[in-house]
Every structure is written in C-alpha cells, then in structure tokens.
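Here are some notes for anyone opening this structure for the first time. They are meant to be read with the model on screen, one point at a time.

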There are 2 protein chains.
Amino acid sequence: MTKQYLIEQIRKKDSFLCIGLDVDLDKIPEHLLQEEDPIFAFNKAIIDATHHLCVAYKPNIAFYEAYGLRGWQALEKTINYLSEKHPEIFTIADAKRGDIGNTSSRYAMAFLEDLGFDSITVAPYMGKDSVEPFLAIENKHTILLVLTSNPGAFDFQTRLLEGKELYKYVLETSKTWKNSENLMYVVGATQAEYLKEIRQIVPNSFLLVPGVGAQGGSLQEVCKYGMNKGVGLLVNSSRGIIYASGTEDFAEAATKKAEVLQLQMKAILNR
Amino acid sequence: MTKQYLIEQIRKKDSFLCIGLDVDLDKIPEHLLQEEDPIFAFNKAIIDATHHLCVAYKPNIAFYEAYGLRGWQALEKTINYLSEKHPEIFTIADAKRGDIGNTSSRYAMAFLEDLGFDSITVAPYMGKDSVEPFLAIENKHTILLVLTSNPGAFDFQTRLLEGKELYKYVLETSKTWKNSENLMYVVGATQAEYLKEIRQIVPNSFLLVPGVGAQGGSLQEVCKYGMNKGVGLLVNSSRGIIYASGTEDFAEAATKKAEVLQLQMKAILNR
C-alpha cells in the first residue's frame, strides 16, 4: 500500500485509528474457547465490528508466538482475512525485529512478502544494515522504534548521545539510509510533548502512536504536537477496544469504544 | 540449565563451541528436499554429527519464521529433539526480541517455557521493563545484545552516550536490573579488541560471541581478551560449519569443521 492511499483512507473514513489485535486467551470471552480456532474467531469478530471505524490493524506477534503453531496459524488466517475482505486496511506486524543484514532479510520476507503485511515494526539498536533489508521492499513500510511508550524508554532513548537524545540521533541517522522514504516511526503517546521536536526532524513521516488509552496517553495532546498536513498519525488502541467487554457482547462493546475514538478523530480532522 | 552446569560441560567436552542452526532451503543439500521435513532432517543430521564437539546450539528464529508454519514446526521438532536426546546441550533462541513489559512476558513464555529453550537473545533499546520479564524465569538466561558483529554496530552502539560508549552504558545499566545474574551478553568477534573493556565491566558473565569464521573474527583474539576463570565464552559458528559441504557428505564435513574449532578450543583451555 502506498502512503498516498493510506492518507486517502484516513480522509475517507475520518479516522486514523489503528486497532491492536493482541489476543490473550485468558481475556477473551469464554464462549469463544469452544471454537475450533478461538484466536481467529475473536479477531474476525473484532474486525467485522470495527473495520469501518479504523484504517489499520496491528497484531503484536508476541501474542501469537506465545501459542506456538496454533498461534501462527491464527495469525496467518487473520492476515489472509484482512487481505481478502478488507484490502483497504493498512496492516502492521508489530514484531520489533532487527538482526544482521542477511537475517533481517529473512524477517522481511516472512512478514512483508509471505504473510503480506503492509508494514513491520523494527528495532534500531543494530543500525543501518539491520534495517535496510526491510526498507528495500517496494510499497512496504518499516516502522522504526524511536521513542517507546514504556517506562524503560527513559533508560537509553532519552539519554544524550553525542549531544542529542538517542531517539533524535536514531531519527536523524535513519533519514540517511537507503529507501528511507519507506520509514515510519513509533512514538509513544505517553511522551506527547516530545512529538513537537520529532516533527521538526521528520515533518512528513507517518508516526505510529501506541499508548493512548490503557497506557494513559491523550489523543488531543498527540494531535496537537504530532499532526502534519497529510495527518501523519496512526493512533493505536489495543486493550481499550478489544477487551471493552469480556462477555458475549464483546464485539458490540468494541464497536462503541472504537466509535468514541473515531468521533474524536473526526472532530479533530474537520476543525 | 544452571551456569555451573554449562561450565562443567565446557570442561568435560573441552569446547565452548556454539553451532548456529540457520537453515536456508536454498543452501542445504538437494537430496534433503525430498524429506517430509527438510529443515528438521538437516538439523537432525547436523546435531547427530556435531553434538559431541559443541556445548550449545543456536537456531536463529528468522530462518524458521521465513518458512511460516512449517518453519515453526521444524523449530519445535529441533528443540524437542535436543531436549530429549541431548539435554546436556545449552539451547539459545536467537530471537533478538524486546517489547513493553506485558508483551515481553509473552515472548519469554513462548521461547523459555513452551519451547523450553535455555536462553534467548534480547535487544536493549526499550530498557529495563522490556528485559526483566525474561530475567524473571529461574535457571533460564537472557543474552542481551551489547556490541553486535555487523557494520551497523558502529551507527549507535559505539557512540558516546553521556560520556561512554552506548554499549558500555547498556552493560552497566543492565547490571542494576532485577535478576541480572541471569544475564549473558552478545559481543561480536569482529570487535575482539573491545572485549578487554567489556570484561572490566562484567568480569563473571558469559559472553556469546558470533562472527568467528564467515564474518571474519579470530578465535585467538576473542579468547585473549574475553576469557575468564569460568571460561565465560560461547563462540558461535553457523555457516562455516553447517554449510561446509553442499552435497551428501554435508554432515561429515560439518563434523570436520567443528573438530577444527574444538581442537583449537581444547588447546586454549589446556594451555
């Protein structure tokens, strides 16, 4: 999917909502456990109930790997369902991968080509040759971890590296990499005040913003500092939507929670 | 597996060799492609041919994810085969994972509990709460990326963060984390001269050293600067051993290549 197409979808749906599909069998409604594939059954119901309100879905791969083979099977079914039924939706493999060059190529192949995700999250610690294999694939997007939403973000990311915060140094360095136009960035909503300075470094890039909702970030703050002319934001909510109810009405509850966010986004986009 | 048991195995086998099981279907002998599970068939043959010469195996998970479901199946079979036939072998999931706390717990569960690996490689960028869930599991080991063997290591890892190289800062910070006695560290062999300073910071920890062989690192240099009283080294070779021959004699060729390294290690251990 091209960036331009994603922007058109955002305008069409009045939404820049991304929904995190982080399926935990201990949290999904009990009646689904009798399904042949409870994980996929849950995802399908969530997708059917929310696809008109969001522009992206983001399965965090850890939640699938935790269930081994059946987790991978459910992941494959979920991405295939999205590709077939909702090809207009932007898909993100939240995998946070990164390895030496020939190995990163393998991850790129697995997630962007074979599974067919539109994008993947990637960790920067190993530098240029660990990220460029992801960037090399046309019309696919590499979402680099810059400033994350967890407490550990302050351990290294905000420390000064050669006179500037490590996350800014990563941002600036990444702009020099080959095919850097295929980069997007992860910036946690819990650090909204940082978005202003990030926008000075990457005025045109998309930012994937987790941490709105369960982790405490504010949508208004994120938009105030992070929005650009092409919107440039994908705001993610996972637990707040998919676990809005733990009983049989979970899909309707998810619709309602997604609607609240989409209406707030619509107001912001049209003001 | 305890660290003490690993040290005993090293002494018993006169070897601190780790063999990387990075299976690429384009590189394995053609006759194996007719097997029901060529990836596992290859791994089984390599393990049968080399287990007496090494103390650890390290499948890089990217090579398995690249083959989707059948890749995961082969990974499960490989780790099960090792657990059953060779429980004395230390197993490393080379996964380079790391995510927010509740998500890292999922990866820890997947690799250290369900699959039953003795250890996993983890990336440090997201800080303390992204690593501690791995450290919490008893008698399992978290191998933190510190200084990697690829060219991109010089993009961030060797830059000065608050007056010291980022990799040293990561090392020192990691020592303050809960259950830090379960930490080991990845230090690339291509940077052997850095090992001296690393040993000053973590005199007692095990270092996993990739990059000997195909990537150009020297075993002598690594041992000169990196060895401690408990040996403290696992030196990895992947391609140099497993692809020593691309024909029917691949297993014998792997034995020979592993033997060369093991004999060098024996000489170093007994001098």
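1. A good place to begin is helix 2 of chain A, residues 38-50. This helix has 13 residues and reaches 18 Å from its first C-alpha to its last, close to the 18 Å expected at 1.5 Å a residue. Please keep in mind throughout that this is a predicted model.

2. Which residues of helix 2 of chain A are buried? They are A:Pro38, A:Ile39, A:Phe40, A:Ala41, A:Phe42, A:Asn43, A:Ile46, A:Ile47 and A:Thr50. The cover over these buried residues includes strand 1 (17-20), strand 2 (56-58), helix 4, helix 10 (239-242) and helix 11 (250-269), which belong to chain A as well.

3. Moving on along the chain, A:His52 sits in the loop between helix 2 and strand 2 of chain A. Is A:His52 buried or partly exposed? There are 13 other C-beta atoms within 10 Å, and 20 or more would be needed for a buried residue, so A:His52 is partly exposed. In sequence, A:His52 and A:Thr255 are 203 residues apart, yet their C-alpha atoms are 9.4 Å apart in space.

4. Now to the two chains together. Two copies of a chain are related by a rotation about an axis and a shift along it. Here, chain A is superposed on chain B by a rotation of 180° with 0.0 Å of shift along the axis, and the RMSD is 0.0 Å. That is the relation of a two-fold axis. Among the residues of chain A, A:Leu161 comes closest to this rotation axis, with its C-alpha at 2.1 Å.

5. How many residues does each chain bring to the contact? Chain A contributes 46 residues and chain B contributes 48 residues. On the side of chain A, the elements that give two or more residues are helix 3 (61-65), helix 4 (68-85), helix 5 (101-114), helix 6 (128-135), strand 6 (160-161) and helix 7 (166-174). Helix 5 of chain A gives the most, with 7 residues. Sorted by class, the side of chain A that touches chain B has 22 nonpolar, 13 polar and 11 charged residues. Because 100% of the interface residues of chain A are also interface residues in chain B, the copies meet through the same surface.

6. One pairing across the interface is worth a look. Helix 4 of chain A and helix 4 of chain B (residues 68-85) pack at an angle of about 170°, with their axes 10 Å apart. Angles over 145 degrees count as roughly antiparallel, and the two helices are therefore roughly antiparallel to each other. From chain A, the contact is made by A:Gly68, A:Leu69, A:Trp72, A:Gln73 and A:Glu76, and from chain B by B:Gly68, B:Leu69, B:Trp72, B:Gln73 and B:Glu76. The residues of this helix contact divide into 4 nonpolar, 4 polar and 2 charged.

7. Helix 6 deserves a visit in both chains. In chain A, helix 6 holds A:Val131, which counts as buried with 29 C-beta neighbours inside 10 Å. Leaving aside residues up to four places away in sequence, A:Val131 touches A:Gly98, A:Val122, A:Pro124, A:Thr142, A:Leu144 and A:Trp177. A:Ser105 is 26 residues from A:Val131 along the chain, with 9.0 Å between their C-alpha atoms.

8. Why can helix 6 of chain B (residues 128-135) be called largely enclosed by the rest of the structure? Because 7 of its 8 residues are buried. Those residues are B:Lys128, B:Ser130, B:Val131, B:Glu132, B:Pro133, B:Phe134 and B:Leu135. Their cover includes helix 5 (101-114), strand 4 (119-122), strand 5 (141-147) and strand 8 (183-187) of chain B.

9. Two backbone details may catch the eye. Most residues other than glycine have a negative phi, and most peptide bonds are trans. A:Asp14 has a positive phi of about 50° although it is not a glycine; A:Asp14 is in the loop between helix 1 (3-13) and strand 1 of chain A. B:Glu162, also not a glycine, has a positive phi of about 45° and is found in the loop between strand 6 (160-161) and strand 7 (164-165) of chain B. With 17 C-beta neighbours inside 10 Å, A:Asp14 counts as partly exposed, whereas B:Glu162 is exposed, with 10 other C-beta atoms within 10 Å.

Key: Residues numbered from 1 in each chain as written. Chains lettered and ligands numbered in written order. Predicted model: local features only at pLDDT ≥ 70, side-chain atom pairs only at ≥ 80, totals over all residues. Contact = placed C-beta atoms within 7 Å. Helix = DSSP H or I, 4+ residues; strand = E, 2+ residues; numbered from the N terminus. Nonpolar A, V, L, I, M, F, W, Y, C, P; charged D, E, K, R; others polar. Least-squares fit on C-alpha atoms with pLDDT ≥ 70 in both. Expected span 1.5 Å × (residues − 1). Buried ≥ 20, exposed ≤ 12 C-beta atoms within 10 Å, placed from the backbone. Axes fitted to C-alpha atoms, helices over the stretch in contact; angles between N-to-C directions. Parallel < 35°, antiparallel > 145°, perpendicular 65-115°, else oblique.
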